[in-house]
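Please look over the chain below before reading on. The paragraphs that follow move from a pocket to the overall fold and then to a single residue.

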Amino acid sequence: MVLGMTLTAYTILHVVLSIIGIATGLVAVGGLLAGHRLSITTAIFLITTLATTLGGFLFPYNGFTPAIGVGIVSTIVLLIAIAARYVFRLRGAWRWVYVGTAVLALYLNAFVLVVQSFLKVPALNVYAPTGSETPFAVTQGIVLAVFIVLGIVSIWRFRPATA
């Protein structure tokens with residue numbers, strides 16, 4: 001049981017929040033690329049992604065794992081993004097700090113999506129059952145390259161008129 005739910009129910013909630021976070025994150029990054037803040041979408045992205053990240057710590061585990069490490073990094077990145085957006089209101093350098101951390105938070109969520117997809121989807125697992133095979137590495141490399149480009153272009157394009 002986690003938060004009064006069966007592990008299966010909690011896992012479903014966790015996955016749904018993650019999908020909402022990724023979907024709204026993609027829209028929010030699209031807004032950054034277009035130079036728009038998309039305040040409501042951004043808030044949903046940040047809240048659901050933080051909820052997913054923090055919720056990951058509630059799963060049963062035995063010791064430190066790579067997933068815990070990603071969760072710690074993601075939490076820090078999200079807290080910086082939230083502070084840059086809502087506390088420092090994108091003033092000065094906080095604009096690019098926000099854009100960089102928002103894109104990085106979305107990348108980390110996408111990274112976990114790829115990991116989980118290769119672990120749980122039989123059609124993918126057959127190509128990378130341990131997560132150390134070439135198809136997995138190539139997929140993660142492509143995802144990373146796409147997010148690096150998105151981050152650089154977003155930092156260059158996102159210049160809100162007012163915070």
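How many nonpolar, polar and charged residues does the lining of the largest pocket have? In this predicted model, that lining is made up, by class, of 18 nonpolar residues, 13 polar residues and one charged residue. The lining comprises 32 residues in total, and those that lie nearest the centre of the pocket are H14, F59, A67, V112 and Q116. The space within the largest pocket amounts to about 1,000 Å³. As background to such a search, rolling a probe the size of a water molecule over the atoms shows where empty space is left.

The walls of the largest pocket can be traced to particular helices, since α1 (7-34), α2 (39-56), α3 (66-87) and α4 (94-120) each contribute at least two residues to the lining. Among the contributors, α4 gives the most, supplying 11 residues.

Stepping back from the pocket to the whole chain, the reader will find six helices and zero strands, so that the order of elements from the N terminus on reads α-α-α-α-α-α. The C-alpha trace spans about 45 × 40 × 25 Å along its principal axes, and the radius of gyration of the chain is 16 Å, which agrees with the value near 15 Å that a compact globule would have with 163 residues. Of the contacts in the chain with a separation of 6 or more, 69% are accounted for by residues 24 or more positions apart.

The surface may be considered alongside the interior. The accessible surface of the chain comes to about 9,000 Å², with 76% of that area belonging to carbon and sulfur atoms, while 37% of the 163 residues count as buried.

One residue serves to bring the description down to the local scale. I68 is found in helix α3, which is also one of the helices that supply at least two residues of the lining of the largest pocket. Is I68 buried or exposed? I68 counts as buried because its relative accessibility is 11%, and the cut-off for that class is under 20%. When residues up to four places away in sequence are not counted, I68 touches F57, Y61 and G63. For F57, the separation from I68 is 11 residues in sequence, and the C-alpha to C-alpha distance between I68 and F57 is 7.0 Å.

Key
Residues numbered from 1 in each chain as written. Predicted model: local features only at pLDDT ≥ 70, side-chain atom pairs only at ≥ 80, totals over all residues. Heavy atoms only, no water. 1 Å grid on protein atoms, 1.4 Å probe; cavity = no way out; pocket = protein on both sides within 12 Å on 5 of 7 lines; lining within 4 Å. Points joined across faces, edges and corners; volume = space filled by probe spheres on them. Helix = DSSP H or I, 4+ residues; strand = E, 2+ residues; numbered from the N terminus. Nonpolar A, V, L, I, M, F, W, Y, C, P; charged D, E, K, R; others polar. Rg over C-alpha atoms; globule rule 2.2 N^0.38 Å. Buried < 20%, exposed > 50% of the residue type's maximum accessible area, 1.4 Å probe, protein only. Contact = heavy atoms within 4.5 Å. Areas by Shrake-Rupley, 256 points an atom, 1.4 Å probe, with all protein chains shown as cover.
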